[in-house]
Amino acid sequence: MADVERALDSIAPTVREMNGYLLDHIRHHRKNPGEGLTSRLVRAEVDGVRLTDQEIVGFVALLLVAGHITTTALLGNALLSLDQYPDEAAWLRADPGRLPDVIEEVLRWLPPFPELGRRTTREVQLAGRTLPADSVVMANLAAANRDPARFARPDDFDVTRSPNPHLTFGHGIHFCFGAPLARLEARIALRLVLERFPEIAVARRSEVEIQNPAVIVSVRRLPLEVRRS
């Protein structure tokens, strides 16, 4: 937990600055309503109840961060994975139609968010332990995605894996509603990269910079060598 706390402390000033910016943006739309998403959230009403400014800040921040950095992380993780497994990369280039299968395996093997926090609504018995009500539970998706009871050779990056019931996008009512968009963005971006560059390789692995995995599994810097078609 110390690593997580340090990571949260390091990003706290940025989060506060972002929230302040979003709050000003929301207040502007309250005074100057338009047809954009923020104005629609300001006007949204259910049974006479409307969202507060702070609730809209949380909603807009979630869309901004979840819809941007996660897809960026997925693209970088895909290039890292394909570089580490050249046979899988060659298989994909020979059959580009299997790109969706490759993306699903990247999501399983190297998920951008390896953990998700959930709060218990009641006391729960789990694996012989009692979890009190109103407790924060960290679900380790990376471990679940490599569960040998669910996946054959779970530590192998296997782009032919089928089915691939990974939990990277969550499950049930908490399933990520942006999953179709993330998959579409990844398919389009990776297809264009593969078409434009018939050869892609990590230039110097010693110079690859990784983000703090307590926050997100992603590359901060990824030097590549490419050959254009």
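A salt bridge is a side-chain nitrogen of Lys or Arg within 4 Å of a carboxyl oxygen of Asp or Glu. Keep that idea at hand as we walk through this protein, which is a predicted model.

## The protein as a whole

The protein contains 8 helices and 10 strands. Its C-alpha trace spans about 55 × 50 × 35 Å along the principal axes. Of the 229 residues in the protein, 30% are buried. Among contacts with a separation of 6 or more, 59% are made by residues 24 or more positions apart.

## Charged pairs

Side chains of opposite charge can pair when their charged atoms come close. How many salt bridges does the structure hold? The structure holds 18 salt bridges, and three of them are set out here.

| Arg partner | Acidic partner | Closest N to O distance |
|---|---|---|
| Arg146 | Asp155 | 3.5 Å |
| Arg191 | Glu195 | 3.5 Å |
| Arg204 | Glu207 | 2.9 Å |

Let us take Arg191 and Glu195 from the table. Arg191 forms a salt bridge with Glu195 because their closest N and O atoms are 3.5 Å apart, and the cut-off is 4 Å. Both residues belong to helix α8, where they sit 4 residues apart, about one turn of the helix. Arg191 is partly exposed, at 38% relative accessibility, and Glu195 is partly exposed too, at 48%.

The other pairs can be read in a similar way. Arg146, the partner of Asp155, has a relative accessible area of 27% and is partly exposed. For the pair of Arg204 and Glu207, the side chains meet at 2.9 Å, N to O. Arg204 is partly exposed, with a relative accessible area of 39%, and Glu207 is partly exposed at 28%. Elsewhere, Arg27, Arg30 and Asp53 are joined into one network by salt bridges that share partners.

## Where two helices meet

Arg191 also leads us to a meeting of helices. Two packed helices are described by the angle between their axes and the distance between the axes. Helix α6, residues 99-109, packs against helix α8, residues 179-196, at an angle of about 115 degrees. The two axes are 10 Å apart, and α6 passes α8 in a right-handed crossing.

Which residues make the contact? From α6 come Leu99, Pro100, Ile103 and Glu104, while α8 supplies Arg183, Ala186, Arg187, Leu190 and Arg191. Sorted by kind, the residues of this contact are 5 nonpolar, no polar and 4 charged.

## Leu92, a buried residue in α5

Leu92 has its place in helix α5, which covers residues 86-94. Is Leu92 buried or exposed? Leu92 counts as buried because its relative accessibility is 2%, and buried means under 20%.

Leaving aside neighbours within four places in sequence, Leu92 is in contact with Leu82, Arg98, Leu99, Val102 and Leu194. One of these, Leu99, is also part of the contact between α6 and α8. By contrast, Leu92 and Glu45 have C-alpha atoms separated by 48 Å, and they are 47 residues apart along the chain.

## Two buried residues with polar contacts

Now for Arg161, in the loop between α7 (141-144) and α8. Arg161 is buried, with a relative accessible area of 9%. What does the side chain of Arg161 meet in a polar contact? The partner is the side chain of Glu105, at 3.2 Å. In addition, a polar atom of the Arg161 side chain lies 2.7 Å from the backbone oxygen of Ala152. Not counting residues up to four places away in sequence, Arg161 touches Glu105, Arg108, Phe151, Ala152, Arg153 and Asp156.

Ser39 is found in helix α2, residues 37-43. With a relative accessibility of 1%, Ser39 counts as buried. Its side chain makes a polar contact with the side chain of His29, at 2.7 Å. With neighbours up to four places away in sequence left out, Ser39 is in contact with His29, Asn32, Pro33 and Gly34.

How values were computed. Residues are numbered from 1 along each chain as its sequence is written. This is a predicted model: local features need pLDDT of at least 70, side-chain atom pairs count only at pLDDT 80 or more; totals for chains, interfaces and linings use all residues. Side-chain values use heavy atoms; hydrogens and water are left out. Axes are lines fitted to C-alpha atoms, for helices over the stretch in contact, and angles run from 0 to 180 degrees between N-to-C directions. A crossing is left-handed if the near helix is turned anticlockwise from the far one by less than a right angle, and right-handed if clockwise. Contact means heavy atoms within 4.5 Å. Ala, Val, Leu, Ile, Met, Phe, Trp, Tyr, Cys and Pro count as nonpolar, Asp, Glu, Lys and Arg as charged, and the others, Gly among them, as polar. Buried means under 20% relative accessible area, exposed over 50%, partly exposed in between (1.4 Å probe, protein chains only). A polar contact is a pair of N or O atoms within 3.5 Å; within protein, one must be able to donate a hydrogen and the other to accept it, and residues adjacent in sequence count only if both atoms are side-chain atoms.
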